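Got a few minutes to walk through a structure together? Have the sequence and the 3D view open, and we'll take things one piece at a time.

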Amino acid sequence: MRAYKSKPVKVIDIQLPKPYCIVYFALENEECASLFPEGSIYSELFYLGGNAFYFRVDCKNFMEAFPHYCNIYLCLELEDAFDPIGVECDYAMRGRAEGRFVKERRVIIPFCSSSGGRIGSHGLYGFEWSSFIEENSTYFVDGMLQLKVELTLNTLQL
């Protein structure tokens, strides 16, 4: 398996009438399994309307009495304060049974300025670890977890 500082993404970028992109992100089953009991994988940065975004996939146990979870986040990274933005997000995962991307849902994600650094994140998926990583998991098609996320930049009215 190849070691990445950040995993590559494939991006289709469309600027008119509004900044819009389609981002594909894939992880091998072994990469996900290596996250247990606690670890993270980050995608490379991709840009929408001049804003830097990335995906974070992690395995965590938030409370001792509960099982571990695999979580997938859409994150925004900026170093300076910025005007609030809204990102319309349609996301889908390729399903084993369907063999195609199955749309999960559409959300508008607000990102607002804070004290700097990694500004915000929004959870796209959360899976109980044992069902996510099991041998016959429906989340992996030919050993790959495959995501498709469509993002449209909108102004945010606070």
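Let's begin with the charged side chains, keeping in mind that this is a predicted model. How many salt bridges does the structure hold? There are 6 of them. We'll look at a group of residues that are tied together: Glu88, Asp90, Lys103 and Arg106 form a network of salt bridges.

Take Glu88 to start with. Its partner is Arg106, and the closest N and O atoms of the two are 3.5 Å apart. This pair connects distant parts of the chain, since Glu88 belongs to strand β7 and Arg106 to strand β8, 18 residues apart.

Now move to Asp90, which takes part in two of these contacts. In one, its side chain meets that of Lys103 in a salt bridge, at 3.3 Å from N to O. Here too distant parts of the chain are linked: Lys103 lies in strand β8 and Asp90 in strand β7, 13 residues apart. Is each partner buried or exposed? Lys103 counts as exposed because its relative accessibility is 51%, and the cut-off for exposed is over 50%. Asp90, on the other hand, has a relative accessible area of 11%, so it is buried, the limit for that being under 20%.

The other contact of Asp90 is with Arg106, where the side chains meet in a salt bridge of 2.7 Å, N to O. Once more the link runs between distant parts of the chain, from Asp90 in strand β7 to Arg106 in strand β8, 16 residues apart.

Next, zoom out to the sheet. Its 5 strands come in the order β1-β2-β10-β7-β8, and the sheet is open, with antiparallel pairing. Which strands sit at the edges? They are β1 (10–14) and β8 (101–111), each of which pairs on one side only. From one strand to the next, the twist averages 15 degrees. As a general point, strands of a sheet pair through backbone hydrogen bonds, either parallel or antiparallel.

Look more closely at one of these pairings. Strand β7 (residues 85–94) and strand β10 (residues 144–155) run antiparallel and are joined by 9 bridges. Glu88, which we met in the salt-bridge network, stands opposite Thr152 in β10.

Finally, let's turn to the open spaces. In general, rolling a probe the size of a water molecule over the atoms shows where empty space is left. The largest pocket offers about 220 Å³ of space. Its lining includes Lys7, Pro8, Tyr24, Phe25, Arg94, Phe101, Met144 and Gln146. β2 (20–28) and β10 each give at least two residues to this lining. By class, the lining residues of the largest pocket are 8 nonpolar, 1 polar and 3 charged.

The second largest pocket holds about 160 Å³ of space. Among the residues that line it are Met93, Arg94, Gly95, Val102, Glu104, Tyr125 and Phe127. The elements that supply two or more residues here are β7, β8 and β9 (118–128). This lining divides into 6 nonpolar, 2 polar and 4 charged residues. One residue to pick out on your screen is Arg94, which appears in the linings of both the largest pocket and the second largest one.

Terms used
Residues are numbered from 1 along each chain as its sequence is written. This is a predicted model: local features need pLDDT of at least 70, side-chain atom pairs count only at pLDDT 80 or more; totals for chains, interfaces and linings use all residues. Side-chain values use heavy atoms; hydrogens and water are left out. Two strands pair if DSSP finds at least two bridges between them. Helices (H or I, at least four residues) and strands (E, at least two) are DSSP runs, numbered from the N terminus. Axes are lines fitted to C-alpha atoms, for helices over the stretch in contact, and angles run from 0 to 180 degrees between N-to-C directions. A salt bridge is a side-chain nitrogen of Lys or Arg within 4 Å of a carboxyl oxygen of Asp or Glu. Buried means under 20% relative accessible area, exposed over 50%, partly exposed in between (1.4 Å probe, protein chains only). On a 1 Å grid over the protein atoms alone, a cavity is a set of points where a 1.4 Å probe fits but cannot get out, and a pocket is an open set with protein on both sides within 12 Å along at least five of seven lines; lining residues have an atom within 4 Å of a point. Grid points are joined across faces, edges and corners, and a volume is the space filled by probe spheres set on the points. Ala, Val, Leu, Ile, Met, Phe, Trp, Tyr, Cys and Pro count as nonpolar, Asp, Glu, Lys and Arg as charged, and the others, Gly among them, as polar.
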